[in-house]
Amino acid sequence: MGYALADAFAAAGADVMLISGPTALPDPTHPAIRIVRVVSGREMLAAAEAVAPDCAVWVFAAAVADYRPAEVSATKIKKSGDRLMLELVKNVDVAATLGAGKRPGEQFSVGFALETNDELAHAQGKLRNKNFDMVVLNSLADPGAGFAHDTNRVTLVDAAGVVPLPLQLKTSVAQEIVAAVQTRFAGWRV
C-alpha cells in the first residue's frame with residue numbers, strides 16, 4: 001500500500017520521500033520518488049525525523065512492530081531445554097513521535113490502522129493519540145483486503161466522520177487517499 005501511495009502522490013505532482021523497510025517489491029520508477037531503505041523502527045524514525053520538518057504531508061503506512069527483543073544475539077541461539085523466554089521491549093512509535101511535533105495547518109498526517117476488533121474505536125483513538133488528521137482503517141475481517149492481495153477495502157476516518165471505500169485495487173485505493181488529502185488539507189501544494 002505504501003508503494004502504491006508513493007506512486008499516487010508522485011502522479012498528483014508531489015515530490016515523494018519513500019522510507020521503506022525490507023520488501024520484495026520493485027523500486028518505484030517515478031522520477032519524483034526518492035527511496036530510503038531502513039531495517040528497524042529506530043532507523044525509520046531517524047530517516048523520518050530528517051525529512052519531516054520540510055514535508056507538508058506525512059503518510060504512515062508501514063507496520064512497525066510494537067515490540068522488539070530486549071537483547072539481540074550476535075550468534076545463533078542454540079537449543080537447550082524445552083523452553084526459551086524472550087524479553088520484549090516497546091518499540092519506538094514513529095507516528096506518535098513525529099505527530100507530537102506536527103505543525104497544525106502546515107502539515108497533514110495520515111495514519112493506517114490494521115485492526116482485528118473494535119476497529120472504528122481503535123482507529124478514532126489513533127486519530128487523537130497520534131495527532132493524525134486522517135486514519136485509513138484496514139480490517140483483517142474483509143475478504144480480499146489487507147496483506148497478500150492486490151486489492152484492499154479501507155475506511156477513511158477523520159474528525160468529520162467515516163467514509164468506507166469499496167474493495168478495489170490498491171492503486172485505486174491510493175488514488176482515493178490522495179484525493180481525500182487534497183480535499184481535506186488546504187496546505188496541499190505541489
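In the predicted model, residue D118 is located in the loop that connects β6 to α4. The phi angle of D118 is near 45°, a positive value in a residue other than glycine. Most residues other than glycine have a negative phi. With a relative accessible area of 54%, D118 is classed as exposed, because the threshold for this class is over 50%. A second positive phi in a residue other than glycine, near 60°, occurs at N131. This residue, N131, belongs to the loop between α4 and β7, and its relative accessibility of 32% makes N131 partly exposed.

Helix α4, which spans residues 119–129, lies across β6 (108–115), β7, β9 and β10. The direction of α4 is at about 150° to that of β7. Helix α5, comprising residues 170–184, lies across β3, β6, β7, β9 and β10, and runs at about 155° to β7.

The strands contacted by α5 form an open sheet of five strands in the order β3-β6-β7-β9-β10, with mixed pairing. The edges are occupied by β3 (57–60) and β10 (161–164); each has a single partner strand, so one side of each is left without a neighbour in the sheet. On average, neighbouring strands of this sheet are turned by 20° against each other, direction ignored. Strands of a sheet pair through backbone hydrogen bonds, either parallel or antiparallel. Within this sheet, β7 (residues 134–139) and β9 (residues 154–158) run antiparallel and are joined by four bridges. V135 has V157 as its bridge partner in β9.

Key: Residues are numbered from 1 along each chain as its sequence is written. This is a predicted model: local features need pLDDT of at least 70, side-chain atom pairs count only at pLDDT 80 or more; totals for chains, interfaces and linings use all residues. Side-chain values use heavy atoms; hydrogens and water are left out. Two strands pair if DSSP finds at least two bridges between them. Helices (H or I, at least four residues) and strands (E, at least two) are DSSP runs, numbered from the N terminus. Axes are lines fitted to C-alpha atoms, for helices over the stretch in contact, and angles run from 0 to 180 degrees between N-to-C directions. Contact means heavy atoms within 4.5 Å. Buried means under 20% relative accessible area, exposed over 50%, partly exposed in between (1.4 Å probe, protein chains only).
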